Amino acid sequence: MAHKAGHFYIDETCIGCGACDHACPGKVDAIYQVQGDFLGRYAIVLDECIDCGFCAPLCPVACIHDARAEGIVEGTGGYTRIRELQAWARARA
Amino acid sequence: MSTASRVETLRPLPPTGMNDEQVARYESQFKEHTNRWAEILQRNADRMRKGEYSLHWMKTDQAAWGRRAKPSSRGLTYTDINNVPGYGDIPERVTFLSFAPRGAVREPYADEMPVVDDYTLVDRGESWADNVVTLYEEAKARQWNATRDIPWSELERLPEDLEKATCQLCTFLTEVEFVAGDFPAKWLYKIPQDFLEVKSFIVTQMMDEARHQEVFRKRAIAGGGLLHASPGFEWALKAINDAPTHTMGTFLLNLLGEGLVLSMFRSGEMIAKTHVDKEIFRRCLQDEARHVSYGVLELKNYLDNAPDRPAALEEMHRFADVGEQVILTSFTEAALVEPMAILLGGGLDKIDQGMEGQAHLWKMSVEEYLQRCERAGFDRRDRCTIPLDSPWGQG
């Protein structure tokens, strides 16, 4: 049987609370914390995701999307604002 | 001195009468209910004297006995055991106000049990959040030790202006962090046992905050010392502690206050001047994110389940109108804004440039707050009393 990849993904506005990680069924365990990311954000391994969708409602910033429903979207809202501070800091470096 | 006379000196002092009134009240409280607990004692003693066994506790007709929980690959989580029929039904309203565990056979004994009068947050809408179970698991997985996990021996010496700014920031954080221990503690014992997942998560929050208070205190004292406390911080803390309801206080503490601190920690790469400080911010950031996460979905749950949503919303807005202003008092204190600007700018001589960065941070913090409110179904955009742009304009 052909393997079907999942459709859920986490955008850049993740705050790293990890609520989604433990919502992912144990046998699936498709959510992981990105190593070396200072902001402690999480990501989903699409090849392992089974599209159960348990993770999305638990996110406090609505950064988990279903590509089938929303397509691939960029993060929006206040949690994208850190880019401006980072750009300011880079410009001064 | 003989052994006997030594023992004599160790005898407790005679009663001083200091707590007479309290002890008398305690005695009378239990004497009032003698017919209940003393009857249980009598019944047990009679059975023991007769050499009989009860074995009533082996009866399983009213129990969810035999439906075994299956561990997942992570171990045995609350989600795993809540999937077992009979254990995972979180009541809308708790009627069992005792310590008897949810899912145990307890109804037959209800009349004989004392009522815990302090359990007043009986509605699920007053403390539950849909992510509280997974946040609890995450909290346990991410515990760390402020003594051992920070490379204290590698702490570099900074120029005096940067060291003072760092120590002042740590003084602020030491001053404010444990309100997130005190406030939940004030409400923890009011949450009934049926909401054990909420109670458990709140305990992890308190542990996290103890660690934050510890790590910032240690950082300050390892670098130069604690500097100035501030009245503005204190008013913000008072506003949180004195919040009239659990949800309102959780909004002010977790969603707004800790949210603003989270914004600072997220900027930690730019604020921290040593790799040790970066490590502290990185670790605290993850803890803080969980608290913020609970606060957002707790408010959402409260509003979604409010019998009269428009009235609940209006009441929350009324509370937030005041709360935002008091929290703002804290975040405009020179003892916070100035050291942050010095750290962002890179020195006292670059404080003006640092204020530009601080203006970006201000905007980012407020926008992040508004995003959290929106997620909770509490749109503050048109009503927010915190200006979107910093009072000094740049950025």
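These exercises work through chain A, its contact with chain B, and one loop residue of chain B.

The model is predicted: local features need pLDDT of at least 70, side-chain atom pairs count only at pLDDT 80 or more, and totals for chains, interfaces and linings use all residues. Residues are numbered from 1 along each chain as its sequence is written, while chains are lettered from A and ligands numbered from 1 in the order in which they are written.

**Exercise 1. Describe the elements of chain A and the confidence in them.**

Step 1. Take helices (DSSP H or I, at least four residues) and strands (E, at least two), numbered from the N terminus. Chain A has two helices and four strands. Their order from the N terminus is β-β-β-β-α-α.

Step 2. Use pLDDT, the predictor's confidence in each residue, from 0 to 100. The average for chain A is 93, and 97% of the residues score at least 70. Helix α1 (residues 67–70) of chain A has the lowest confidence, at a mean of 94. Strand β3 (residues 42–44) of chain A has the highest, at 98.

**Exercise 2. Break down the side of chain B that touches chain A.**

Step 1. Count contacts as residue pairs whose C-beta atoms, placed from the backbone, lie within 7 Å. Chain B gives 40 residues and chain A gives 30 residues.

Step 2. Find the elements of chain B that give two or more residues: α5 (132–141), α10 (246–266), α11 (268–271), α12 (275–305) and α15 (351–375). The largest share, 14 residues, comes from α15(B).

Step 3. Sort by class. Ala, Val, Leu, Ile, Met, Phe, Trp, Tyr, Cys and Pro count as nonpolar, Asp, Glu, Lys and Arg as charged, and the others, Gly among them, as polar. This side of chain B has 12 nonpolar, 13 polar and 15 charged residues.

**Exercise 3. Work out how α2(A) runs relative to α15(B).**

Step 1. Fit axes to C-alpha atoms over the stretch in contact, with angles from 0 to 180 degrees between N-to-C directions. The axes of α2 (residues 82–92) of chain A and α15(B) come within 8 Å and cross at roughly 165 degrees.

Step 2. Therefore α2(A) is roughly antiparallel (over 145 degrees) to α15(B).

Step 3. List the residues. Among them are Trp88(A) of α2(A) and His360(B) of α15(B). The contact divides into six nonpolar, three polar and three charged residues.

**Exercise 4. Classify Leu348(B) as buried, partly exposed or exposed.**

Step 1. Locate Leu348(B): the loop between α14 (334–345) and α15 of chain B.

Step 2. Apply the cut-offs: buried at 20 or more other C-beta atoms within 10 Å, exposed at 12 or fewer, partly exposed in between. Leu348(B) has 17 C-beta neighbours inside 10 Å, so Leu348(B) is partly exposed.

Notes:
Two residues are in contact if their C-beta atoms, placed from the backbone, lie within 7 Å. Angles under 35 degrees count as roughly parallel, over 145 as roughly antiparallel, 65 to 115 as roughly perpendicular and the rest as oblique.
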